[in-house]
Amino acid sequence: MLRHAAYPFLLAAALLVGCNRDKASEAGTQGMNAAAEEAATDAKANPTIDNPNVASDVEAPNPDAPVLTFAEKQFDFGDIRPDSKVQHTFKFTNTGKTPLLIADATASCGCTTPSWTKEAIAPGATGELQVQFDSRGKQGLISKQVNVRANTQPNMTTLYIKGNVLTN
C-alpha cells in the first residue's frame with residue numbers, strides 16, 4: 001500500500017528534474033558566455049593589488065630575518081595578594097642575523113601592562129620585556145596573554161602569565 005502512495009511523488013520529482021534540465025540546456029553557451037564576460041568586467045573594475053606585507057604560500061621565509069627567542073614564554077605568579085601589583089621580566093635573545101626591533105606589545109586586558117626594550121637588538125644581543133599585572137578587582141585564577149609584534153617571521157609572538165588572586 002505504501003508503494004502505491006509513493007508513485008505520485010516519484011512522478012512529480014521526475015517531472016521537476018526534467019523541467020530543470022531543459023532550462024539549463026536553454027541557457028547553454030549563451031549563459032556561460034555572459035557569466036564569463038561579467039567576471040572579466042569585474043576583474044577589470046577591481047584589479048588584484050599585491051600587498052608586500054602578506055606572505056604568499058610559495059614565498060620562502062627570509063633566512064636573514066631577526067629571530068626573537070625567549071628564555072620562557074609563560075610565567076606563573078602563583079598566589080597573588082588582592083589589590084597588589086606583581087611583575088615578571090621575560091628575557092629574550094636575537095638569535096637571527098639582522099637587528100631585531102619590537103614594534104609593540106599588547107596585553108589581553110587593561111590590568112596587564114607590558115614594557116620592553118625600545119632600541120634595536122643586534123644579532124646575539126639580549127633584551128627584556130617586563131609584564132606587570134594589577135590584581136585590583138580580580139579574584140581567583142587569572143590567565144592573561146601579551147602579544148609581541150616585531151620585525152621577525154612570524155611577526156607575532158605570544159607570552160602568557162597566570163596566577164591565583166587570593167580573596168581578602
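**Exercise 1. Thr157**

Decide whether Thr157 is buried or exposed in this predicted model.

*Solution.*
Step 1. Take the relative accessibility of Thr157, which is 11%.
Step 2. Apply the cut-off: buried means under 20% relative accessible area.
Step 3. Thr157 therefore counts as buried.
Step 4. Place the residue: Thr157 is found in strand β8.
Step 5. List the contacts, leaving out residues up to four places away in sequence: Thr157 touches Leu68, Phe70, Lys73, Val146, Asn147 and Val148.
Step 6. Check one of these partners along the chain. Val146 and Thr157 are eleven residues apart, and their C-alpha atoms are separated by 8.3 Å.

**Exercise 2. The sheet that holds β8**

Work out the strand order of the open sheet of four strands, and find its edge strands.

*Solution.*
Step 1. Read the order across the sheet: β2-β8-β7-β4. The pairing is mixed.
Step 2. Look for strands that pair on one side only. These are β2 (74-80) and β4 (102-107), the edge strands.
Step 3. Compare directions of neighbours. Ignoring direction, neighbouring strands of this sheet are turned by 20° against each other on average.
Step 4. Take the pair β2 and β8 (residues 156-165). They run in the parallel sense and are joined over five bridges.
Step 5. Find a facing pair: Asp79 stands opposite Asn164 in β8.

**Exercise 3. His88**

Establish which side chain makes a polar contact with that of His88, and whether His88 is buried or exposed.

*Solution.*
Step 1. Locate His88: the residue lies in strand β3 (residues 85-94).
Step 2. Test for burial. The relative accessible area of His88 is 13%, so His88 is buried.
Step 3. Collect the neighbours, again without residues up to four places away in sequence. His88 touches Glu72, Phe75, Phe77, Leu129, Gln130 and Val131.
Step 4. Pick out the polar partner. The side chains of His88 and Glu72 are joined by a polar contact of 2.4 Å.

**Exercise 4. The whole chain**

Describe the chain by its elements, its burial and its contacts.

*Solution.*
Step 1. Count the elements: one helix and eight strands.
Step 2. Order them from the N terminus: α-β-β-β-β-β-β-β-β.
Step 3. Gauge burial. The chain has 168 residues, of which 24% count as buried.
Step 4. Turn to the surface. About 12000 Å² is exposed, and carbon and sulfur atoms supply 55% of it.
Step 5. Sort the contacts between residues at least 6 apart in sequence: 64% of them join residues at least 24 apart.

Definitions and conventions
Residues are numbered from 1 along each chain as its sequence is written. This is a predicted model: local features need pLDDT of at least 70, side-chain atom pairs count only at pLDDT 80 or more; totals for chains, interfaces and linings use all residues. Side-chain values use heavy atoms; hydrogens and water are left out. Helices (H or I, at least four residues) and strands (E, at least two) are DSSP runs, numbered from the N terminus. Buried means under 20% relative accessible area, exposed over 50%, partly exposed in between (1.4 Å probe, protein chains only). A polar contact is a pair of N or O atoms within 3.5 Å; within protein, one must be able to donate a hydrogen and the other to accept it, and residues adjacent in sequence count only if both atoms are side-chain atoms. Contact means heavy atoms within 4.5 Å. Two strands pair if DSSP finds at least two bridges between them. Axes are lines fitted to C-alpha atoms, for helices over the stretch in contact, and angles run from 0 to 180 degrees between N-to-C directions. Accessible areas come from the Shrake-Rupley method with a 1.4 Å probe; for residues, only the protein chains shown count as cover.
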